[in-house]
Amino acid sequence: MTGGHSNLTFVVGDEEGGRWVLRRPPLGHVLATAHDMAREHRIISALAGTQVPVPAVVGLCEDDSVNGAPFYVMDYVQGTVVRDRATAESLADTARTNASRSLVDVLAALHRVDPDRVGVGDLGRRDGYVERTLRRWYGQAEATRADGADIDLHHVDAVHDVLVRHLPDQVGVSIVHGDYRLDNCLLHDDGSVAAVLDWELCTLGDPLADVGLLLVYWTDPGTQAVLPQASPTALAGFMSRERLLERYAEASGRDISGIDYYIALGYWKLTCIIAGVYARYAAGAMGTTDEQQVRGFAEMFDTLGAMAAEAAERIR
């Protein structure tokens, strides 16, 4: 098994040296609507032949008796996942620059794809993307509070109120990846994107939400990383956040003047996610009560909450 924090990803092979990648839901019970393999398979298949590099799909199996769960198989794509500083340091400066440029250009290409033309026009609602995001993740935070978790959610509440008050008009409708960042892509040796991975959160909606979240995960030199693994982009060669944004505006032709809202939304969404993870670890629901691990998530949550609040100040 390799990579993945939700759906499970396996490399499989045959006696002749062929290699493929198999994706299936997590082991154990999952909701019927969660980790939908057919949906992921459909999205990747739809993007084949567009300017968005994705692995070629081999097939989908929805018969649980074969593998214990639905699964799909796609081609194995050779490439590098930059998930830590050591891996980033193995890239030449020129490859880091190419990675920055390619990452943005591929995102702009995704947002240019006509959902109807590629057959995913019914993938999700086209309007109200930000409102749905706010409802979904605030509901998750409220559930954490209702469970009696000893966690201070004042930043979550305060930033939510700001985001609701300043709700922007949706800038357009596109296919939205939902978790687009450097370590969800495979890179060629020259830094260009070989394949975009992890489409499980993909839907239709506001393209600037993808841009805002990409910037949340992107660390400039001398700034604090949003998560420990988000720091590689501070190395020489990687573009700055400002340059990434300029590049996206050039490649997409979109008005990005309201991007501060989407950056704050990204920080807030990530804070809500980590709040739930922290609460589950603290309660021992993840099979461990390791105090050091619990403290680590607590510090991560506090840091993210402060970052979300600071980002929200910029949209007042």
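This talk walks through the sheet and the helix packing of one protein chain.

Okay, let's start with confidence. This is a predicted model. The mean pLDDT of the chain is 89, and 92% of its residues reach 70 or more. Two stretches need a warning. Over residues 1–5 the pLDDT is below 50, and this stretch has five contacts in the model beyond near neighbours in sequence. Residues 29–34 are also below 50 in pLDDT, with two contacts beyond near neighbours in sequence. Where pLDDT is low, the predicted coordinates should not be read in detail. I'll leave those stretches there.

Now the sheet. What is the strand order? The sheet is open, has four strands and runs 1-2-4-3, with antiparallel pairing. Strand 1, residues 8–13, and strand 3, residues 57–61, are the edge strands. Each of them pairs on one side only. On average, neighbouring strands are turned by 20° against each other, direction ignored.

Take the pairs in turn. Strand 1 and strand 2 run antiparallel and are joined by six bridges. One register point for your viewer: Leu8 has Arg24 in strand 2 as its bridge partner. The hairpin of these two strands has five residues between them. Look at Gly17 there, which takes a positive phi near 90°.

Next pair. Strand 2, residues 19–24, meets strand 4, residues 71–75, again in the antiparallel sense, over four bridges. Here Arg23 stands opposite Tyr72 of strand 4. What packs on this sheet? Helix 1, residues 37–47, does, touching strand 2, strand 3 and strand 4. The direction of helix 1 makes about 160° with that of strand 3.

On to helix against helix. Two packed helices are described by the angle between their axes and the distance between the axes. I have three pairs, and helix 8 is in two of them.

Pair one is helix 4, residues 93–112, with helix 8, residues 241–252. Their axes are 9 Å apart, at an angle of about 40°. The two helices are therefore oblique to each other. The crossing is right-handed. On the helix 4 side, the contact residues include Arg101, Val104, Asp105 and Leu107. On the helix 8 side, they include Leu244, Arg247 and Tyr248. How does this contact divide by residue type? Six residues are nonpolar, three polar and four charged.

Pair two is helix 7, residues 207–217, with helix 8. The axes come within 10 Å and cross at roughly 160°. That makes helix 7 roughly antiparallel to helix 8. This crossing is right-handed. Helix 7 brings Pro207, Leu208, Val211, Leu215 and Val216. Helix 8 answers with Arg241, Leu244, Leu245 and Tyr248. The split is eight nonpolar, no polar and one charged. Note Leu244 and Tyr248: they meet helix 4, and they also contact helix 7.

Pair three is helix 6, residues 154–165, with helix 10, residues 291–313. The axes come within 9 Å and cross at roughly 25°. That makes helix 6 roughly parallel to helix 10. Which hand does the crossing have? Helix 6 passes helix 10 in a left-handed crossing. From helix 6 come His155, Val156, Val159 and Val162. From helix 10 come Phe301, Gly305, Ala306, Ala308, Ala309 and Ala312. That contact has eight nonpolar residues, two polar and no charged.

That's the tour. Thanks.

How values were computed:
Residues numbered from 1 in each chain as written. Predicted model: local features only at pLDDT ≥ 70, side-chain atom pairs only at ≥ 80, totals over all residues. Heavy atoms only, no water. Axes fitted to C-alpha atoms, helices over the stretch in contact; angles between N-to-C directions. Parallel < 35°, antiparallel > 145°, perpendicular 65-115°, else oblique. Left-handed = near helix turned anticlockwise from the far one by under 90°. Contact = heavy atoms within 4.5 Å. Nonpolar A, V, L, I, M, F, W, Y, C, P; charged D, E, K, R; others polar. Pairing = 2+ DSSP bridges. pLDDT = per-residue confidence, 0-100.
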